[in-house]
Amino acid sequence: LGVIVLEAINIPRLDYLTIGGNPFLLVEPQKTNTATFSEEFDNAAWFKFNSTIIVNQIAAPNNTLSADLLTVTASPGFLAIFSSWTTQTKTASIFVKKATSDIFNIDNASTGGSGVTFNILTGVVVAQQSGFVGKIEAFKDGWYRCSATHTAPSNQTLSFQLPSLNDSVYVWGAQLEDGSFATSYIPTTNSAVTRNE
């Protein structure tokens, strides 16, 4: 299982995961991560509804002490970024690791929480509601990258949700991009970031 490595501009990237551990050149289309503060969930850009964030609790998939603990204080509880879904097909993704909860959701909060449910203990998509396609990928040390693809009728709100009071998970590396699949992670701070082809 892999580690996330951030490469400098104009440096070729190698993928060791897709074909049996043998490296090959990673070539992807130009994509933009529009989820700002992608590793800083305590930032005001992220709305915490019935939930709390404690920053920098464990090592993230890139081996830095930068993964945050998301805990639900009442049900429903979620972490959201506003006006993220549009009329285009979008894919939302985030790295998640079990703390106390096996279950994690990526939802469209504007439609009452419809979306994709993941089991981050067994590494499976448990359910995907109409119009959504989910995917889960295993990384080292119990981390999974969960992604959900959806085409919304208007601007909508992306949310990461836990099912019950006092449930908690570790989160890192959120991404929201156009298209029907998640590309490799693009970190952001106070603005969207585009990775060129």
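Begin by colouring the protein by pLDDT and selecting strand S2, which has the lowest mean value among the elements of the protein, 50, and then strand S5 (residues 51–59), which has the highest, 98. The model is a predicted one, with a mean pLDDT of 86 over the protein and 81% of its residues at 70 or more. Where pLDDT is low, the predicted coordinates should not be read in detail.

From S2, move to Glu 28, which sits in the loop between strand S2 (24–25) and strand S3 (31–33). Glu 28 counts as buried because its relative accessibility is 12%, and the cut-off for that class is under 20%. Now add Arg 195 to the selection and draw the C-alpha to C-alpha distance: Glu 28 and Arg 195 are 9.0 Å apart in space, although 167 residues separate them in sequence.

Next, show the side chains of Phe 47, Phe 49 and Phe 82, which together make a nonpolar surface patch of about 270 Å². Within this group, Phe 49 belongs to strand S4 (residues 47–49), and with a relative accessibility of 32% Phe 49 is classed as partly exposed.

The remaining stops are the salt bridges, of which a search of the whole structure finds three. Side chains of opposite charge can pair when their charged atoms come close.

Select Asp 178 and Lys 90 for one of these pairs, where the closest N and O atoms are 2.5 Å apart. This salt bridge joins distant parts of the chain, since Asp 178 lies in strand S15 (residues 168–178) and Lys 90 in strand S8 (residues 89–98), with the two positions 88 residues apart in sequence. The partners also fall into separate classes of accessibility: Asp 178 is partly exposed at 33%, whereas Lys 90 is buried at 6%.

Then select Lys 98 and Asp 102, whose side chains meet in a salt bridge with an N to O distance of 2.3 Å. Here Lys 98 is partly exposed, at 29% relative accessibility, and Asp 102 is likewise partly exposed, at 26%.

Finish at Lys 140 and Asp 141, which form a salt bridge whose closest N and O atoms are 3.6 Å apart. In a surface view, Asp 141 is exposed, with a relative accessible area of 52%, while Lys 140, at 24% relative accessibility, counts as partly exposed.

Definitions and conventions:
Residues are numbered from 1 along each chain as its sequence is written. This is a predicted model: local features need pLDDT of at least 70, side-chain atom pairs count only at pLDDT 80 or more; totals for chains, interfaces and linings use all residues. Side-chain values use heavy atoms; hydrogens and water are left out. Helices (H or I, at least four residues) and strands (E, at least two) are DSSP runs, numbered from the N terminus. Buried means under 20% relative accessible area, exposed over 50%, partly exposed in between (1.4 Å probe, protein chains only). pLDDT is the predictor's confidence in each residue, from 0 to 100. Patches are made of residues with over 30% relative accessible area and no salt bridge: like charges are joined within 9 Å, nonpolar side chains (Val, Leu, Ile, Met, Phe, Trp, Tyr) within 5 Å. Accessible areas come from the Shrake-Rupley method with a 1.4 Å probe; for residues, only the protein chains shown count as cover. A salt bridge is a side-chain nitrogen of Lys or Arg within 4 Å of a carboxyl oxygen of Asp or Glu.
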